[in-house]
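Hi everyone, thanks for making time. I'd like to walk you through a structure that is probably new to most of you, so please have it open as I talk.

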Amino acid sequence: MTTKVIKTISTKTTVTMYQSCDSCLARAKFKATFSFGELDFCLHHFKEHESALIITAEAISPIGGHDED
Ligand SMILES: [Zn+2]
């Protein structure tokens with residue numbers, strides 16, 4: 001079993017719901033689902049890769065608010 005190292009966030013941010021971008025440390029705003037797994041993107045990186053993601057991802061869903069998995 002692998003245990004992910006949990007980053008210490010020294011702000012008032014609620015840690016439980018925090019998902020960071022897979023390309024940087026910003027908070028993820030979108031989740032892209034692929035046949036091989038999932039990637040989380042902040043708004044910046046989502047916009048940067050948006051045209052490719054729309055073609056390659058099976059699904060893209062926003063992160064935030066009160067999504068139920
Ligand atoms: Zn990013």
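Let me start with the contacts. If we take the contacts in the chain between residues at least 6 apart in sequence, 28% of them join residues at least 24 apart. Before I go further, please keep in mind that this is a predicted model.

Now the overall layout. The chain has 1 helix and 3 strands, and if you read along the sequence you meet them in the pattern β-β-α-β. As for burial, 13% of the 69 residues count as buried.

Let's look at the sheet. In what order do the 3 strands of the open sheet sit? The order is 2-1-3, and the pairing is antiparallel. That leaves strand 2, residues 37-41, and strand 3, residues 59-62, as the edge strands, each pairing on one side only. From one strand to the next, the twist averages 20°.

Take the pairing of strands 1 and 2 to begin with. Strand 1 covers residues 30-34, and it pairs with strand 2 in the antiparallel sense over 5 bridges. The two are joined by a hairpin, through 2 residues. If you want to find this pairing on your screen, look for Phe34, whose bridge partner in strand 2 is Gly37. Another place to look is Lys31, which stands opposite Asp40 in strand 2.

Then there is the pairing with strand 3. Here 4 bridges join strand 1 to strand 3, and again the two run antiparallel. A good landmark is Ala32, which has Ile60 as its bridge partner in strand 3.

Next, the core. Which residues make up the largest nonpolar core? There are 8 in all: Cys21, Ala28, Phe30, Ala32, Leu39, Phe41, Cys42 and Phe46. Strand 1 and strand 2 each supply at least two residues of this core. As background, nonpolar side chains in soluble globular proteins tend to be buried together.

Ala28, one of those core residues, is worth a closer look. Leaving aside neighbours within four places in sequence, Ala28 is in contact with Gln19, Ser20, Cys21, Asp40, Phe41, Cys42 and Ile63. We can also place two other residues relative to Ala28. Gly64 is 36 residues away from Ala28 along the chain, and their C-alpha atoms are separated by 8.5 Å. His44 is 16 residues from Ala28 in sequence, with 9.4 Å from C-alpha to C-alpha.

So where does Gly64 sit? You will find Gly64 in the segment after strand 3. Is Gly64 buried or exposed? Gly64 is exposed, because 11 other C-beta atoms lie within 10 Å, and a residue with 12 or fewer counts as exposed.

Now to the helix, where two histidines follow one another. His44 has its place in helix 1, and His45 lies in helix 1 too, which spans residues 43-56. What about their surroundings? His44 has 13 C-beta neighbours inside 10 Å, so His44 counts as partly exposed. His45, on the other hand, is buried, because 20 other C-beta atoms are within 10 Å, and 20 is where buried begins.

Let's stay with His45 for a moment. Not counting residues up to four places away in sequence, His45 touches Cys21, Ser23 and Cys24. His45 and Phe30 are 15 residues apart in sequence, and in space they are 9.4 Å apart, C-alpha to C-alpha.

That brings us to Cys24, my last stop. Cys24 lies in the segment before strand 1. With the same neighbour exclusion, Cys24 is in contact with Cys42 and His45. In space, Cys24 is 8.4 Å from Phe41, C-alpha to C-alpha, while the two are 17 residues apart in sequence. Why does Cys24 count as exposed? Because 12 other C-beta atoms lie within 10 Å of Cys24, and exposed means 12 or fewer.

To wrap up, please take away the open sheet with its 2-1-3 order, the nonpolar core of 8 residues, and His45, buried in the model. Thanks for listening!

Notes:
Residues are numbered from 1 along each chain as its sequence is written. This is a predicted model: local features need pLDDT of at least 70, side-chain atom pairs count only at pLDDT 80 or more; totals for chains, interfaces and linings use all residues. Two strands pair if DSSP finds at least two bridges between them. Axes are lines fitted to C-alpha atoms, for helices over the stretch in contact, and angles run from 0 to 180 degrees between N-to-C directions. A nonpolar core is a set of buried Ala, Val, Leu, Ile, Met, Phe, Trp, Tyr and Cys residues joined through C-beta atoms within 7 Å. Two residues are in contact if their C-beta atoms, placed from the backbone, lie within 7 Å.
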